[in-house]
Amino acid sequence: MKRRSLPVAAALAASAALLLTACGGGDDKSSDNDKIAGADQGSKTPEQSTKPSGAPAADKPDGVDLSLPKDMNLVFDWDKPKDKNEAAAMDDAANFFRAIYRGVDKRTTEDAAVASYSTGGGLKYAQTQIKAWIDGGWTATGTLRHYNVTTRSAENGTSVEVAFCADSSKFYGKEIKTNRVLTTEPSTEDFDYYKIIMVKYPTSEALWQASKVFVETKAAKCQ
């Protein structure tokens with residue numbers, strides 16, 4: 001999430017602290033020996049995206065509304081893997097983040113999209129993020145980029161780890177009451193590295209849900 005979109009005073013408050021916490025797993029502390037196979041471990045500055053993706057090609061995948069306002073642009077600069085399960089899990093990891101920001105826009109933690117694309121620790125994470133934005137009186141605006149994605153399947157075929165970088169240097173908070181955009185200077189705080197554990201929904205071949213979220217903030221590997 002975009003922590004630097006919050007005012008300095010709010011960053012010291014408990015609500016802003018929630019935005020730094022990966023509910024359902026805590027910050028990822030994996031060592032170099034636990035790197036995801038195929039991950040780019042070098043330092044790489046992401047290229048500017050040419051793909052508009054404020055919402056998916058269809059705003060209602062799985063019959064769920066994921067539409068976002070035009071000024072809230074979530075970009076996913078990644079290529080799908082050949083494995084069918086990993087490709088589906090990757091798509092729904094993106095939908096999980098769209099669901100979070102739809103909740104921010106609609107000012108509710110109970111939106112159908114959040115319930116559809118998360119469960120367990122992932123649901124707690126999503127609701128915590130949304131609630132912090134609501135409590136602070138903010139929505140979001142700008143472009144949030146996701147890139148350098150990797151996937152890794154569990155042997156049982158019902159769980160996929162989707163890992164990626166996020167660049168929030170052009171994604172800001174906006175005060176609901178005044179419409180004032182809370183711009184910030186670029187810094188290392190703009191880069192996060194996520195690992196999302198996606199699990200297959202028991203009664204659906206296509207739907208995957210975020211069950212755990214791990215976040216490494218100020219991620220050097222993403223810069």
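A residue is classed as buried when its relative accessible area is under 20%. By this criterion, Cys-165 is buried, because its relative accessibility is 2%. The model described here is predicted, and the same criterion is applied to the other residues discussed below.

The protein chain contains 5 helices and 6 strands. Their order along the sequence is α-α-β-α-α-α-β-β-β-β-β. Of the 223 residues in the protein chain, 49% are buried. The area exposed by the protein chain is about 10,600 Å², and 51% of this area is supplied by carbon and sulfur atoms. When contacts between residues at least 6 apart in sequence are considered, 72% join residues at least 24 apart.

Strand E5 spans residues 191–200, and because 8 of its 10 residues are buried, the strand is largely enclosed by the rest of the structure. Strand E3 (residues 159–175) is joined to E5 by 9 bridges, and the two strands run antiparallel. Within this pairing, Ser-159 is placed opposite Val-199 of E5. E5 also pairs with strand E6 (residues 208–217), again in the antiparallel sense and over 9 bridges. In this second pairing, Ile-196 stands opposite Val-213 of E6. E5 is thus paired with E3 and with E6.

Tyr-194 belongs to strand E5. Its relative accessibility is 2%, and Tyr-194 therefore counts as buried. The C-alpha atom of Tyr-194 is separated by 8.7 Å from that of Thr-217, a residue 23 positions away along the chain.

The structure holds 1 disulfide. This bond joins Cys-165 to Cys-222, with an S to S distance of 2.0 Å. Distant parts of the chain are linked by the pair, since Cys-165 lies in strand E3 and Cys-222 in the segment after E6, 57 residues apart. The link of Cys-165 and Cys-222 is left-handed, with -80° about the S-S bond. Like Cys-165, which has 2% relative accessibility, Cys-222 is buried, and its relative accessible area is 0%.

Among the helices, H3 (residues 84–106) and H5 (residues 120–136) have axes that come within 9 Å and cross at roughly 35°. This crossing of H3 and H5 is right-handed. On the H3 side, the contact is made by Phe-96, Ala-99, Ile-100, Tyr-101, Gly-103 and Val-104. The contributing residues of H5 are Gly-122, Tyr-125, Ala-126, Gln-129, Ile-130 and Trp-133.

Two residues of strand E2 (residues 138–153) were examined for their surroundings, namely Val-149 and Thr-139. Thr-139 has a relative accessible area of 9% and is therefore buried. Beyond residues up to four places away in sequence, Thr-139 touches Met-72, Val-104, Asp-105, Arg-107, Trp-133, Tyr-172, Gly-173, Lys-174 and Ile-176. Two of these contacts involve residues from the crossing of H3 and H5, with Val-104 contributed by H3 and Trp-133 by H5.

Val-149 is also buried, at 17% relative accessibility. With residues up to four places away in sequence excluded, Val-149 touches Trp-78, Asp-79, Met-90, Val-162, Ala-163 and Phe-164. For one of these residues, Phe-164, the C-alpha atom lies 4.2 Å from that of Val-149, although the two are 15 residues apart in sequence.

Most residues other than glycine have a negative phi. Against this background, Arg-107 has a positive phi, near 65°. Arg-107 is located in the loop between H3 and helix H4 (112–117). With a relative accessible area of 28%, Arg-107 is partly exposed. Arg-107 is also one of the residues touched by Thr-139. A positive phi, near 50°, is likewise found at Lys-218. Lys-218 lies in the segment after E6, as does the disulfide-bonded Cys-222. The relative accessibility of Lys-218 is 49%, and Lys-218 therefore counts as partly exposed, whereas Cys-222 is buried.

Key: Residues numbered from 1 in each chain as written. Predicted model: local features only at pLDDT ≥ 70, side-chain atom pairs only at ≥ 80, totals over all residues. Heavy atoms only, no water. Buried < 20%, exposed > 50% of the residue type's maximum accessible area, 1.4 Å probe, protein only. Helix = DSSP H or I, 4+ residues; strand = E, 2+ residues; numbered from the N terminus. Pairing = 2+ DSSP bridges. Contact = heavy atoms within 4.5 Å. Areas by Shrake-Rupley, 256 points an atom, 1.4 Å probe, with all protein chains shown as cover. Disulfide = S-S within 2.5 Å. Axes fitted to C-alpha atoms, helices over the stretch in contact; angles between N-to-C directions. Left-handed = near helix turned anticlockwise from the far one by under 90°.
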